[in-house]
Amino acid sequence: MERKAAKRLSQLGVLAPDGVEWALAIANRNFIIHQYDQINREMTWLTLAEDLPAWNASLQALITEAEMTLEAEEN
């Protein structure tokens, strides 16, 4: 998915999944991009290695919907 997807999805009116706030997702993305030297790499690795696969599985339907929405917006 293209960068800044959360901002675009928010602007397109796509509802965030339960427990997710688009504004917080956007702020986190901006922090990672601009303050990468302040990121706890161990915590990031643990999150990606342990949590991300489960998040991906539980959010797959929403990810597919988001991808379709972004594709439609581009066309």
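**Exercise 1. The Arg8 contact**

Which side chains does a polar contact of 2.4 Å join? Work on the predicted model, and place the Arg8 end in the fold.

*Solution.*
Step 1. The polar contact runs between the side chains of Arg8 and Glu73, at 2.4 Å.
Step 2. Locate Arg8: it sits in helix α1.
Step 3. Classify Arg8. The cut-off for buried is under 20% relative accessible area. Arg8 has 14%, so Arg8 is buried.

**Exercise 2. Salt bridges**

Find how many salt bridges the whole structure holds, and state what each one links.

*Solution.*
Step 1. Searching the whole structure gives two salt bridges.
Step 2. Take the Glu73 pair. Glu73 bridges to Arg8, with the closest N and O atoms 2.4 Å apart. Glu73 belongs to helix α3 and Arg8 to helix α1, so this pair ties together parts 65 residues apart in sequence.
Step 3. Check the cover on Glu73. Its relative accessible area is 40%, so Glu73 counts as partly exposed.
Step 4. Take the Glu74 pair. Arg8 forms a salt bridge with Glu74, and here the closest N and O atoms are 3.6 Å apart. This pair also links distant parts of the chain: Arg8 is in helix α1 and Glu74 in helix α3, 66 residues apart.
Step 5. Combine the pairs. Through shared partners, Arg8, Glu73 and Glu74 become one network.
Step 6. Recall the general principle. Side chains of opposite charge can pair when their charged atoms come close.

**Exercise 3. The core**

Which residues make up the largest nonpolar core? Trace them back to their helices.

*Solution.*
Step 1. The core has seven residues: Ala5, Ala6, Leu9, Val14, Trp22, Ala66 and Leu70.
Step 2. Two elements give two or more residues each: α1 (5-11) and α3 (41-74).
Step 3. The top contributor is α1, with three residues.
Step 4. Look at one core member, Ala6. Setting aside neighbours within four places in sequence, Ala6 is in contact with Trp22, Ala25 and Ile26.

**Exercise 4. The surface patch**

Which residues form a nonpolar patch on the surface? Then decide whether Trp45 is buried or exposed.

*Solution.*
Step 1. The patch consists of Trp45, Leu46, Leu48, Leu52 and Trp55. Together they have about 530 Å² of accessible area.
Step 2. Place Trp45: it lies in helix α3.
Step 3. Apply the cut-off. Exposed means over 50% relative accessible area. Trp45 reaches 61%, so Trp45 is exposed.

**Exercise 5. A loop residue**

Where is Val20, and how far apart are Val20 and Asn30 in space?

*Solution.*
Step 1. Val20 is in the loop between α1 and α2 (22-34).
Step 2. Its relative accessibility is 34%, so Val20 is partly exposed.
Step 3. From C-alpha to C-alpha, Val20 and Asn30 are 16 Å apart, with their positions ten residues apart in sequence numbering.

**Exercise 6. The whole chain**

Describe the overall fold, its extent and its exposure.

*Solution.*
Step 1. Count the elements: three helices and zero strands. Their order from the N terminus is α-α-α.
Step 2. Give the extent. The C-alpha trace spans about 40 × 25 × 20 Å along its principal axes.
Step 3. Assess burial. Of the 75 residues, 13% are buried.
Step 4. Assess the surface. The protein exposes about 6,100 Å², and carbon and sulfur atoms supply 56% of that area.
Step 5. Check contact range. Among contacts between residues at least 6 apart in sequence, 58% join residues at least 24 apart.

Terms used
Residues numbered from 1 in each chain as written. Predicted model: local features only at pLDDT ≥ 70, side-chain atom pairs only at ≥ 80, totals over all residues. Heavy atoms only, no water. Core = buried A, V, L, I, M, F, W, Y, C linked by side-chain atoms within 4.5 Å. Buried < 20%, exposed > 50% of the residue type's maximum accessible area, 1.4 Å probe, protein only. Helix = DSSP H or I, 4+ residues; strand = E, 2+ residues; numbered from the N terminus. Contact = heavy atoms within 4.5 Å. Polar contact = N/O pair within 3.5 Å; in protein donor to acceptor, adjacent residues only side chain to side chain. Patch = residues over 30% accessible without salt bridge, like charges linked within 9 Å, V, L, I, M, F, W, Y side chains within 5 Å. Areas by Shrake-Rupley, 256 points an atom, 1.4 Å probe, with all protein chains shown as cover. Salt bridge = Lys/Arg side-chain N within 4 Å of Asp/Glu carboxyl O.
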